[in-house]
Each structure stands twice: as structure tokens, then as C-alpha cells.
Amino acid sequence: EVFPEINEMPEWKAIHKRCIEGAVEKRDRDPFEREDGHTDWLRWEIQPWHTAGGEIGGVIMFTEVITERVELEEKVKESESRFRAIYETIDEGIVYQDSEGAIMDANPAAEEILGLSLEQMTGKKSLDPEWKALREDGSNYPGEEHPAMEALQTGKEVKDRVMAVYHPKTDKHVWINVNSYPVFKNGSEKPQMVYSTFDEMTDEYL
């Protein structure tokens, strides 16, 4: 009477039968089709209860409707999928660095512009001398002053910083225009990471 839909769901009847016989079953995410045709998502557990004499007298079913949470998770997955598609195909380089300045992730455009694979970049820091970074006037650009490091240190966005970095595949420097953005988590005052976007502008410096 409480769950009339079960009459049309032999699987649920089988679950109840197994639990009446002593089994304990549960699922953290299970679709449940209602009589009106819509589907709810449930988290549930069924276990037998025992009489004073120790015999199984029936089953107890704990259920939680998690439809709203599941739908939200699906929306997040769709959003992440769209973001990933843009991230992978955009012409602009994107690099993520942790709170110490070590590279965590980079998109294909960044690999192309910097002449390094993601594997080669992962863990590499702005302080690494192999970048051989230069300012517009040709002077050395210290790693601790790179846009990403400045964003981490100040907690503020750093925009339109022009710099050159060494491109190992061509054995030359490439010029890029960099924007760096600090990322805060859990209300912290100190950035937990930073991401930088950059375009190549080498042709303007030839």
C-alpha cells in the first residue's frame, strides 16, 4: 500500500524476499519509477527485524529521496563536460599552479605555445631557471615575480604582463601576454591555487 509501484517491479519483490530470509541489502543511488511515470532517485537499505524469540518478523526499509541531489550532480557533470571541451580546444594557453607555484594542469594550447608536454610541465615551478624568462626590455624576469607568483603572493589578479619564455623545441624564446587569477577555497584568505591564461605574441617582437 505504501509503495504500490512495487507490484510492477519484480526486482524489488525479490529484494524483499531475500531480506525476509535474513539478508541485508542497500544501494546508494537507485532509480525508482513512480506510478505517474516520473523517476525518483533513492538511497535505501533494507534489513530484517527480529521478534523477541529471535525469529524474523519482517523487514525495515530506510529510504531517502535524493532526486534533487542527483539532478544537481548531472548538471554539474554537464557543465564540467562543456568546460572541458572549451579547455581542450581553445587557442589560448591555460595553466593551473598550486599554492607553491608548481604546475598541476595545462591545456593543449599551453603545451603548444610553451613547447612542453603536460608530463614535462607537471610539477615545474615558476622559479625553475629553465624558463629563462625575459622582460620586454630583455632583462631577466625573476621567477618569484612571474604573474602567477605575484597573484599567489598578493591574492589579486595580474593582467596583461608581457614576458618571454624559452621554447625547448625551437631553441628560441616565445613572447606571451599573461593574465593570472588567484583561486580561493573554503573562505581562506590565502590563494590555494592560481590559473593563468596567455596568448602568444612572438610575431610582434621579431
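Throughout these close-ups, "buried" means under 20% relative accessible area, "exposed" means over 50%, and "partly exposed" is anything in between (1.4 Å probe, protein chains only). This is a predicted model, so local features need pLDDT of at least 70 and side-chain atom pairs count only at pLDDT 80 or more, while totals for chains, interfaces and linings use all residues. Residues are numbered from 1 along each chain as its sequence is written, and side-chain values use heavy atoms, with hydrogens and water left out.

**View 1. Met163 sits in strand 6.** Helices (H or I, at least four residues) and strands (E, at least two) are DSSP runs, numbered from the N terminus. Met163 is buried, with a relative accessible area of 4%. It has company: seven of the 10 residues of strand 6 are buried, so the strand is largely enclosed by the rest of the structure. Contact here means heavy atoms within 4.5 Å. Leaving aside neighbours within four places in sequence, Met163 is in contact with Ala133, Leu134, Tyr141, His146, Pro147, Val174, Trp175, Ile176 and Val178. Ile176, in strand 7, is also the bridge partner of Met163. To get your bearings along the chain, look for Asp137: it is 26 residues from Met163 in sequence and 9.6 Å away in space, C-alpha to C-alpha.

**View 2. Strand 6 and strand 7 form a hairpin with four residues between the strands.** The two run antiparallel and are joined by eight bridges. In this hairpin, check the backbone at Asp171, which takes a positive phi near 60°.

**View 3. Five strands make an open sheet in the order 5-4-8-7-6, with antiparallel pairing.** Two strands count as paired if DSSP finds at least two bridges between them. Strand 5 (103–106) and strand 6 (158–167) are the edge strands, each pairing on one side only. On average, neighbouring strands of this sheet are turned by 30° against each other, direction ignored. Axes are lines fitted to C-alpha atoms, for helices over the stretch in contact, and angles run from 0 to 180 degrees between N-to-C directions. At the strand 5 edge, strand 4 (residues 93–98) pairs with strand 5 in the antiparallel sense over three bridges. Tyr96 has Asp105 of strand 5 as its bridge partner.

**View 4. Helix 5 (residues 147–154) packs on the sheet.** The helix touches strand 4, strand 6, strand 7 (172–183) and strand 8 (193–200), and its direction makes about 140° with that of strand 6. Which residues of helix 5 are buried? They are Pro147, Ala148, Met149, Ala151 and Leu152, and the buried residues of this helix pack against strand 4, strand 6, strand 7 and strand 8. Right after the helix comes Gly155, with a positive phi near 75°.

**View 5. Ser126 lies in the loop between helix 4 (118–121) and helix 5.** Loop or not, Ser126 is buried, with a relative accessible area of 8%. Its side chain makes a polar contact of 3.0 Å with the side chain of Gln97. A polar contact is a pair of N or O atoms within 3.5 Å; within protein, one must be able to donate a hydrogen and the other to accept it, and residues adjacent in sequence count only if both atoms are side-chain atoms. Not counting residues up to four places away in sequence, Ser126 touches Gln97, Gly101, Trp131, Gly143, His146, Ala148 and Met149.

**View 6. Helix 1 (residues 10–20) has Trp12, Ile15 and Cys19 as its buried residues.** Seen down the helix axis, these residues fall within an arc of 55° (taken from the directions from the axis to the C-beta atoms), so they line one face of helix 1. The face turned away from the buried side carries the exposed residues Pro10 and Lys17. What covers the buried residues includes strand 1 (25–33), strand 2 (39–50) and strand 3 (56–65). Ile15 has 0% relative accessibility and touches Glu25, Arg27, Trp44 and Ile46, not counting residues up to four places away in sequence. Just after the helix, Gly22 takes a positive phi of about 120°.

**View 7. The protein chain averages a pLDDT of 91, and 96% of the residues score at least 70.** pLDDT is the predictor's confidence in each residue, from 0 to 100. Confidence is lowest in helix 1, at a mean of 86, and highest in strand 4, at 97.
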